[in-house]
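User: Hi! I would like to walk through this model with you, one question at a time. Could you help me read it?

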Amino acid sequence: TVDTEYPSQTVLAGLQGSADVNAVALMKQWELDTIADYKTNWTDLGADFEAHLRDENLKGSLTITYTTHQSAHTVSYIYTMFSDTLGAHPNTTYKTFTFDTTNGQNLSLAMLFNSGTDYLGWLSNYSRAQLPAMIEARENVTTLDSNSTDMLNAGTTADAANFQDFYLDGANLVILFPPYAIGPYVLGSTELDIPASQIPGLKTQYP
């Protein structure tokens, strides 16, 4: 079963030109591609397993919902994907789109920063400094074990893929870490809110 949603119109509708139409088309196409990939995964299971699923009346599911957040010059659409492929447990992943509300441009994380800024290095260091205490408080432990620390460090290296799920909310840059990104599945998802005033090299119009 597949249950998804995307906006028919964005806050970019007030801009001249086709910014709103382009934004909606971009997000719609991403959803269609995601659904197609999900269905393809099922066709690769083989006839015997498919027959077993039918006999047991078992179904996988894909659900995609979204929320929106705004800053002074941006609007972000945060899609949450809940995928059940009948494995040990379902999984949650994210996809975010952030648009400049003055020109409709789809912004990558790199585009938020002035040229030459080592933003990935800074985000890596900041994440490693802030996340352990957040996780310890949430999990009610005094310190992370070595395995958890290793996973956190691996998921916060200065790699763009580790910080690709982001949005701007008021005066904060928010980084989303889905399950498995910085810890085991039981840790769930983690949101790291970073005050823009603390981020070096961030362009003045963001957030």
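User: Happy to start with the hairpin: how many residues join S2 to S3?
Analyst: Gladly, and please keep in mind that this is a predicted model. Strand S2 covers residues 61-71, and strand S3 covers residues 74-84. The two pair in the antiparallel sense over 11 bridges. The hairpin joins S2 to S3 through 2 residues.

User: Which strand pairs with S2 in the parallel sense?
Analyst: Look at Leu 62, which stands opposite Ser 83 in S3. Val 2 also stands opposite Leu 62. The parallel pairing runs over 3 bridges, and the partner of S2 there is strand S1, residues 2-4.

User: Let's move to the open sheet of 3 strands. Which strands stand at the edges?
Analyst: The order of this sheet is S5-S6-S7, with antiparallel pairing. Two of these strands have a single partner strand each, so one side of each is left without a neighbour in the sheet; they are S5 (166-169) and S7. From one strand to the next, the twist averages 25°. To name the edge strands once more, they are S5 and S7.

User: Nice. Which residue in S7 does Ile 175 stand opposite?
Analyst: Strand S6 takes in residues 172-177 and runs antiparallel to S7, with 6 bridges joining them. S7 itself spans residues 190-195. Within S7, the residue opposite Ile 175 is Leu 192.

User: And what angle does the direction of helix H3 make with that of S7?
Analyst: Helix H3, residues 119-139, packs on the sheet. The strands touched by H3 are S6 and S7. The angle between the directions of H3 and S7 is about 125°.

User: Is Thr 190 buried or exposed?
Analyst: Thr 190 lies in strand S7. Leaving aside neighbours within four places in sequence, Thr 190 is in contact with Leu 131, Met 134, Arg 138, Ile 175, Leu 176, Phe 177 and Ile 182. The relative accessible area of Thr 190 is 2%, and buried means under 20%, so Thr 190 is buried.

User: With which side chain does the side chain of Thr 190 make a polar contact?
Analyst: The partner is found among the contacts of Thr 190. At 39% relative accessibility, this residue counts as partly exposed. The polar contact is at 3.1 Å, and the side chain is that of Arg 138.

User: Which residue forms a salt bridge with Arg 138?
Analyst: Side chains of opposite charge can pair when their charged atoms come close. The structure holds 1 salt bridge, with the closest N and O atoms 3.5 Å apart. The partner is partly exposed, with a relative accessible area of 36%. That residue is Glu 139.

User: Now the interior: what gives the most to the largest nonpolar core?
Analyst: This core has 26 residues, and those with the most contacts inside it are Leu 109, Leu 112, Leu 173 and Ile 175. H3, S5, S6 and S7 each supply at least two residues of the core. With 6 residues, the element that gives the most is H3.

User: One last thing: how many residues does the second, separate core have?
Analyst: In soluble globular proteins, nonpolar side chains tend to be buried together. In this model, the second core includes Ala 19, Ile 35, Tyr 38 and Phe 97. Its size is 15 residues.

Methods:
Residues are numbered from 1 along each chain as its sequence is written. This is a predicted model: local features need pLDDT of at least 70, side-chain atom pairs count only at pLDDT 80 or more; totals for chains, interfaces and linings use all residues. Side-chain values use heavy atoms; hydrogens and water are left out. Helices (H or I, at least four residues) and strands (E, at least two) are DSSP runs, numbered from the N terminus. Buried means under 20% relative accessible area, exposed over 50%, partly exposed in between (1.4 Å probe, protein chains only). A polar contact is a pair of N or O atoms within 3.5 Å; within protein, one must be able to donate a hydrogen and the other to accept it, and residues adjacent in sequence count only if both atoms are side-chain atoms. Contact means heavy atoms within 4.5 Å. A salt bridge is a side-chain nitrogen of Lys or Arg within 4 Å of a carboxyl oxygen of Asp or Glu. Two strands pair if DSSP finds at least two bridges between them. Axes are lines fitted to C-alpha atoms, for helices over the stretch in contact, and angles run from 0 to 180 degrees between N-to-C directions. A nonpolar core is a set of buried Ala, Val, Leu, Ile, Met, Phe, Trp, Tyr and Cys residues joined through side-chain atoms within 4.5 Å.
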